[in-house]
Amino acid sequence: MGETSVEIELANLERTKSKKVRALVDTGASLTTLPRELANELEIKPERQEKVATGAGLIKIDRGKAWISLEGKEDIFPVWISDIIDRVLLGVVVLETFGFEVDPTTGKLKERPLLLY
């Protein structure tokens with residue numbers, strides 16, 4: 001299966017700045033990651049710094065919050081703000097909260113029931 005990318009809209013908490021972007025769906029990541037340049041452009045502010053595990057080991061990374069819209073659904077989510085990543089990576093927290101998964105036969109998003117427990 002190849003890469004799955006989707007169009008999402010990102011906005012700061014006040015919704016005064018927003019932008020539609022292509023995001024790579026990263027089913028191996030919990031949270032969504034934004035390049036710092038995009039976070040700065042949208043005035044998405046870091047709230048704290050945390051240690052996270054990556055393929056290259058543990059790193060410290062800023063964490064903030066952003067509005068994320070996908071396929072007509074929207075909500076506020078925590079996001080990582082990265083100095084290393086150069087594109088938006090859409091993590092599974094957003095996918096599962098909105099009731100989507102990647103269909104392995106097509107590489108596209110498909111709706112699925114939300115899991116209560």
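## Strands, a core and two buried residues

Let's start with a pair of neighbours: strand β4, which covers residues 46-54, runs antiparallel to β5, and eight bridges join the two. Please keep in mind that this is a predicted model. The tour below goes from the whole chain to the strands around β5, then to the nonpolar core, and ends with a visit to T32.

**The chain as a whole**

- The chain holds two helices and nine strands.
- Starting at the N terminus, you will meet the elements in the order β-β-β-α-β-β-β-β-α-β-β.
- The radius of gyration is 14 Å, close to the 13 Å that the globule rule gives for 117 residues, so the chain is as compact as a globular protein of that length.
- If you follow the C-alpha trace along its principal axes, the chain spans about 35 × 35 × 30 Å.
- Of the 117 residues, 42% count as buried.
- Among contacts in the chain with a separation of 6 or more, 52% are made by residues 24 or more positions apart.
- About 7200 Å² of the chain is exposed, and carbon and sulfur atoms supply 49% of that area.

**Strand β5 and its partners**

- With β4, strand β5 forms a hairpin that has two residues between the strands.
- To find one spot where β4 and β5 are bridged, look at E50, whose bridge partner in β5 is I61.
- Strand β5 also runs antiparallel to β6, and nine bridges join these two.
- One of the places to see this is G64, whose bridge partner in β6 is V79.
- The β5 and β6 hairpin has two residues between its strands, and E71 takes a positive phi there, near 50°.
- β1 pairs with β5 too, in the antiparallel sense, over three bridges.
- Here you can spot L10, which stands opposite I68 in β5.

**The nonpolar core and L70**

- Which residues have the most contacts inside the largest nonpolar core? They are I8, L10, I44, L70, V88, L90 and L109, in a core of 25 residues.
- Several elements each supply at least two residues of this core, including the strands β1 (5-11), β2 (18-25), β5 (57-70) and β6 (73-82), as well as the helices α1 (36-41) and α2 (92-98).
- L70 has its place in strand β5.
- Is L70 buried or exposed? It is buried, because its relative accessible area is 0%, and under 20% counts as buried.
- Setting aside residues up to four places away in sequence, L70 touches V6, E7, I8, L90, L95, F98, F100 and L109.
- From L70 to E96 is 26 residues in sequence, and the two are 12 Å apart in space, C-alpha to C-alpha.

**A visit to T32**

- T32 lies in strand β3, which is made of residues 32-35.
- Like L70, T32 is buried, with a relative accessible area of 1%.
- What lies 3.2 Å from a polar atom of the T32 side chain? It is the backbone nitrogen of G91.
- Not counting neighbours within four places in sequence, T32 is in contact with I68, P78, V79, W80, V88, L89, L90, G91 and V94.
- Some of these names should be familiar: I68 is the residue opposite L10, V79 is the bridge partner of G64, and L90 is touched by L70.

Methods:
Residues are numbered from 1 along each chain as its sequence is written. This is a predicted model: local features need pLDDT of at least 70, side-chain atom pairs count only at pLDDT 80 or more; totals for chains, interfaces and linings use all residues. Side-chain values use heavy atoms; hydrogens and water are left out. A nonpolar core is a set of buried Ala, Val, Leu, Ile, Met, Phe, Trp, Tyr and Cys residues joined through side-chain atoms within 4.5 Å. Buried means under 20% relative accessible area, exposed over 50%, partly exposed in between (1.4 Å probe, protein chains only). Helices (H or I, at least four residues) and strands (E, at least two) are DSSP runs, numbered from the N terminus. Contact means heavy atoms within 4.5 Å. Two strands pair if DSSP finds at least two bridges between them. A polar contact is a pair of N or O atoms within 3.5 Å; within protein, one must be able to donate a hydrogen and the other to accept it, and residues adjacent in sequence count only if both atoms are side-chain atoms. The radius of gyration is taken over C-alpha atoms; the globule rule is 2.2 Å times the number of residues to the power 0.38. Accessible areas come from the Shrake-Rupley method with a 1.4 Å probe; for residues, only the protein chains shown count as cover.
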